[in-house]
Amino acid sequence: MHAWVNAIFIIQLVLTTVHGYSAETPLPLNFSINENLLALQMLNAKRPSPLGVSDAVQTLRAKAREAYPDAMAQAEKENDLLPNLTTSAKYASAIQYVRRLAEFQPILRETQQHLHDIKNLFDVQAFNGSVYRILDRILKFSVDREHSITVLSPQFSESFSIGNRQVLYGSPQLIDNHALIHIVHECLHTYLDTMTKPSDVDHAIIELAIDYQLRKDLNSKDSFLNYTSVGHTSLHGIRSTIGNLHWESYLRSRESLVNFAQRMNQLYRNSTLIGSP
């Protein structure tokens with residue numbers, strides 16, 4: 001079996017007047033599974049689901065630790081799961097060993113179902129259109145760059161952009177529209193990371209736009225959200241400052257989120273945004 005599962009879906013989320021409305025938010029996504037990366041995730045296991053992991057995962061890890069103790073110890077130290085690590089000599093044999101284990105098959109099937117459920121979520125939202133009308137109102141620019149989404153096991157919590165319009169995502173679905181919110185968040189890094197090194201301001205604004213505003217407007221259960229109830233705790237100060245001083249006026253304006261982020265970054269660099277260093 002090839003490392004890349006032959007289940008790639010392209011979702012061109014362009015709303016047309018056929019459904020009674022039109023919108024300007026296409027979001028082309030390619031979904032796939034990289035079996036080598038999935039095997040490496042079982043070795044790494046840095047962010048287990050708060051719901052726990054299955055017996056298959058625990059047994060697989062115990063076997064891998066016995067067969068490849070050095071590779072297992074090294075994998076557990078890796079900060080992030082990255083596709084290029086799967087070709088590293090230090091992991092290659094351990095990855096192929098994991099893929100041959102009987103316990104790997106239910107993990108793979110569960111991940112394939114996870115991909116199917118995520119695709120279905122985007123398909124449903126594309127049909128009813130509400131999420132894209134909300135995104136148009138929040139972003140005020142077209143998110144039309146194609147992204148590749150590599151789906152990982154939902155028994156761990158992984159969601160991050162690795163550059164070049166690539167996103168790694170696998171997570172238990174703890175809130176309504178969980179996958180949609182997190183994947184759109186990661187795709188926005190393509191547009192808002194305004195420097196060679198992404199800034200805390202960019203990240204805080206993505207959290208405001210997606211983790212806070214999109215989630216609050218999309219999920220009726222999440223109307224209680226505030227600026228500090230979402231996102232990374234390290235960004236609470238910047239996010240709260242921008243939220244309290246600038247967010248509502250931004251939403252009422254015609255300014256795009258990209259221009260808003262550039263303006264907030266300039267204020268931050270000039271130390272005129274409260275919370276600047």
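In this predicted model, the largest cavity is lined by Leu27, Leu135, Leu139, Val143, Val184, Cys187, Leu188 and Tyr191. The space inside this cavity amounts to about 40 Å³, and a search of the whole structure finds one cavity of 30 Å³ or more. When the lining of the largest cavity is sorted by class, eight residues are nonpolar, while no polar and no charged residues are found there. Helix H6 (130-139) and helix H7 each contribute at least two residues to this lining, and H7 gives the most, with four residues.

The largest pocket, by comparison, holds about 670 Å³ of space. It is lined by 24 residues, of which Ser159, Phe160, Glu186, His203 and His232 are the closest to its centre. Two or more lining residues come from each of strand E4 (158-163), helix H7 (178-192) and helix H8 (200-218), and H7 again gives the most, here with five residues. Helix H7 is thus the main contributor to the lining of the largest pocket and also to the lining of the largest cavity. The residues of the pocket lining divide into four nonpolar, twelve polar and eight charged, whereas the lining of the cavity has eight nonpolar residues and none of the other two classes.

Strand E4, which lends residues to the pocket lining, is also paired with strand E5 in the antiparallel sense, over five bridges. Within this pairing, Glu158 has Gly170 of E5 as its bridge partner. The two strands E4 and E5 form a hairpin with two residues between them, and Asn164, which lies in the turn, has a positive phi of about 55°. Strand E5 also pairs with strand E3 (residues 147-151), in this case in the parallel sense and over four bridges, with Ser148 standing opposite Gln166 of E5. Four of the five residues of E5 (residues 166-170) are buried, and the strand is therefore largely enclosed by the rest of the structure.

Turning to the helices, Ala71, Met72 and Ala75 are buried in helix H3 (residues 69-77). These three residues lie on the same side of H3, because they cover an arc of only 100° around the axis. An α-helix has 3.6 residues a turn, so residues three or four places apart point the same way. On the other side of H3, Asp70 and Lys77 are exposed. The buried residues of H3 pack against helix H1 (35-44), helix H2 (55-67) and helix H4 (89-100).

Helix H4 includes Tyr97, whose contacts, not counting residues up to four places away in sequence, are with Lys63, Ala64, Ala67 and Tyr68. Although Tyr97 and Lys63 are 34 residues apart along the chain, their C-alpha atoms are separated by 9.6 Å. A further residue that touches Lys63 is Glu103, which is located in the loop between H4 and helix H5 (104-128). Glu103 has a relative accessible area of 15%, and because buried means under 20%, this residue counts as buried. When its neighbours within four places in sequence are left aside, Glu103 is in contact with Ala56, Thr59, Leu60 and Lys63. The C-alpha atoms of Glu103 and Leu60 are 5.9 Å apart in space, although the two residues are 43 residues apart in sequence.

Conventions
Residues numbered from 1 in each chain as written. Predicted model: local features only at pLDDT ≥ 70, side-chain atom pairs only at ≥ 80, totals over all residues. Heavy atoms only, no water. 1 Å grid on protein atoms, 1.4 Å probe; cavity = no way out; pocket = protein on both sides within 12 Å on 5 of 7 lines; lining within 4 Å. Points joined across faces, edges and corners; volume = space filled by probe spheres on them. Nonpolar A, V, L, I, M, F, W, Y, C, P; charged D, E, K, R; others polar. Buried < 20%, exposed > 50% of the residue type's maximum accessible area, 1.4 Å probe, protein only. Arc of directions from axis to C-beta. Contact = heavy atoms within 4.5 Å. Pairing = 2+ DSSP bridges.
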